[in-house]
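Reader: I have a new model open, and I would like to practise reading it feature by feature. Could you take me through it?

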Amino acid sequence: MSQLSRVLERINAEEVVELTRSLVRIPSVYRPGEPGANEAEAAAFVAAWFKSQGLPVEIQEVAPGRPNVLSWIGEKGPGQRCLLLEGHTDVVTEGDPNAWTSPPFAAEMRDGRIYGRGAADMKSGLAAAMIALVAFKRAGVTPGGKLLVGALVDEEDAMIGVRHLVGSPAGRELDAAIICEPEENELCLEQRGVVWARIRARGKMAHGAMPEAGVNPITALGALLRQTPGLEKRLRKRCERSRYLRPPTVTPTIIQGPPRGVGAPQSNVIPAIAEMTLDVRLTPGITSEGIQAEIEGLCREAEAGLPGVKVEWEPVNAFRLATKVDKSEALVKAMVHGVRKATGKPPRYGGVPGSTDGTILRMELGIPIVTCGPGNRLIPHQVDECVEANEIVDAAKIYAASALKYLEA
Ligand SMILES: [Zn+2]
């Protein structure tokens with residue numbers, strides 16, 4: 001029997017489903033300041049599970065109660081590769097539990113689907129990666145390199161888990177990564193990027209009855225707001241058109257005058273400062289400098305239109321540019337092969353609408369990433385989030401078959 005058949009034989013559908021349900025039952029929503037509301041319990045479960053399977057475990061203490069958990073099989077010898085199957089243990093808030101058909105952390109099964117917060121994003125993808133790894137161990141097949149599974153923290157917020165990983169020895173030895181996010185098991189070679197620009201206009205405070213005595217920063221933001229459709233148009237010209245990604249967008253999401261912490265708003269006071277945030281989504285083709293210059297230009301224009309006002313901006317979090325890998329990459333070829341072997345069908349391709357931990361791996365390490373995992377890509381963060389059981393099993397097989405192929409080279 002081939003190595004691949006031996007590994008795939010060790011992937012048990014029921015076990016994949018039950019592991020997913022166990023993970024969904026742990027409510028790993030991160031709520032700052034609330035004791036125990038973090039990834040600690042989910043991470044401990046993952047670590048204990050790997051240990052119970054006789055696999056090694058590395059814990060990276062990223063922040064208190066927020067550890068990355070790593071496990072692996074094989075080692076990266078000279079000329080060999082290291083592949084990461086990447087998942088995250090945090091989930092977004094369940095919102096109003098009464099809005100759900102069944103309790104959000106009950107992991108109820110209905111019609112071949114698991115329901116619950118994190119079912120798709122991404123306890124199922126993580127479970128599939130865990131099962132793929134252990135299948136090698138059980139089959140007695142050591143890959144021709146190192147296969148690593150990472151259950152990271154904080155993907156849904158500032159991505160401190162993956163930022164920690166890329167700076168650690170385990171991160172530095174990576175050659176490629178499969179991001180196990182919900183993408184209907186499509187091979188996603190492109191991801192949209194995001195830049196949040198916080199723009200601050202400073203004017204001069206004055207009485208609302210005597211506006212001539214002040215400089216109104218809100219007026220400057222108004223001018224800037226009118227320029228955003230123009231910016232969107234320019235970005236659409238500068239960035240690549242993609243078959244799989246929606247075109248760039250520029251969306252104002254926050255506007256405040258005065259901003260929180262800088263004083264209380266009052267109906268008869270022109271504030272000294274007003275602030276707004278633009279949520280800018282990108283496709284590949286623009287650099288950090290390129291997007292920086294565009295936003296800078298917008299600020300200078302608003303400033304020029306209103307003497308006495310100063311307009312500055314800063315990015316909220318670091319830039320996360322769009323990512324793209326070529327079909328000629330060894331990882332992509334291995335995954336095309338893996339999908340065929342695991343499902344008997346040719347792969348379908350897709351694109352990731354937002355940024356993921358993969359964005360950081362691509363930007364910081366320059367390694368190729370492919371996003372592929374179980375679950376509908378539109379369902380995360382919604383009420384009644386769910387995942388098809390069959391898709392999770394397919395994902396586990398795709399990960400195992402792709403890893404075997406990628407690491408044998
Ligand atoms: Zn996710």
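**A glycine, an asparagine and some unusual backbone**

Author: Gladly. Let us begin with G214: apart from neighbours within four places in sequence, G214 touches K204, M205 and A206. Keep in mind that this is a predicted model.

Reader: Where is G214 found?

Author: G214 sits in the loop that runs between β10 (206-207) and α7 (217-238).

Reader: Is G214 buried or exposed?

Author: The idea is to compare the relative accessible area with a cut-off: under 20% is called buried. G214 has a relative accessibility of 17%, so it counts as buried. As for a partner farther along the chain, A272 is 58 residues away from G214, and their C-alpha atoms are separated by 8.6 Å.

Reader: Now a polar side chain, please. Which strand holds N68?

Author: N68 belongs to strand β2, which covers residues 66-73. Its relative accessible area is 0%, so N68 is buried.

Reader: What lies 3.1 Å from a polar atom of the N68 side chain?

Author: For a buried polar side chain, it helps to look for a polar partner. Here that atom is the backbone nitrogen of V153, at 3.1 Å. Leaving out neighbours within four places in sequence, the contacts of N68 include E58, I59, Q60 and V62. Also among them are A151, L152, V153, G161, H164 and L165.

Reader: How should I read backbone angles?

Author: Start from the usual case: most residues other than glycine have a negative phi, and most peptide bonds are trans. Departures from that pattern are what to look for.

Reader: Which residue has a phi near 60°?

Author: That is M159, whose phi is positive although M159 is not a glycine. M159 lies in the loop linking β6 (145-152) and α5 (160-166). With a relative accessible area of 1%, M159 is buried. E184, another non-glycine residue, has a positive phi of about 55°. E184 is placed in the loop between β7 (176-179) and β8 (187-191).

Reader: Where are cis peptide bonds?

Author: Check omega. D121 and M122 are joined by a cis bond with omega of about -10°, and M122 is found in helix α4, residues 119-139. Another cis bond joins G257 and P258, where omega is about -5°. P258 lies in the loop between β11 (249-256) and β12 (269-270).

Reader: Let us step back to the whole chain. How many helices and strands are there in the protein?

Author: There are eleven helices and 18 strands. The radius of gyration is 24 Å, close to the 22 Å that the globule rule gives for 409 residues, so the protein is as compact as a globular protein of that length. Along the principal axes, its C-alpha atoms fill a box of roughly 85 × 45 × 40 Å.

Reader: What percentage of the 409 residues is buried?

Author: Buried residues make up 52%. For contacts, the idea is to ask how far apart the partners are in sequence. Of the contacts with a separation of 6 or more, 81% are between residues 24 or more positions apart.

Reader: And what does the protein expose?

Author: About 17,200 Å² is exposed, with carbon and sulfur atoms supplying 50% of that area. For charge, the protein has 48 positive and 50 negative charges, and the mean positions of the two sets are 5 Å apart.

Definitions and conventions:
Residues are numbered from 1 along each chain as its sequence is written. This is a predicted model: local features need pLDDT of at least 70, side-chain atom pairs count only at pLDDT 80 or more; totals for chains, interfaces and linings use all residues. Side-chain values use heavy atoms; hydrogens and water are left out. Helices (H or I, at least four residues) and strands (E, at least two) are DSSP runs, numbered from the N terminus. Buried means under 20% relative accessible area, exposed over 50%, partly exposed in between (1.4 Å probe, protein chains only). A polar contact is a pair of N or O atoms within 3.5 Å; within protein, one must be able to donate a hydrogen and the other to accept it, and residues adjacent in sequence count only if both atoms are side-chain atoms. Contact means heavy atoms within 4.5 Å. The radius of gyration is taken over C-alpha atoms; the globule rule is 2.2 Å times the number of residues to the power 0.38. Accessible areas come from the Shrake-Rupley method with a 1.4 Å probe; for residues, only the protein chains shown count as cover. Lys and Arg count as positive and Asp and Glu as negative; His and the chain ends are not counted. The place of a charge is taken as NZ of Lys, CZ of Arg, CG of Asp or CD of Glu.
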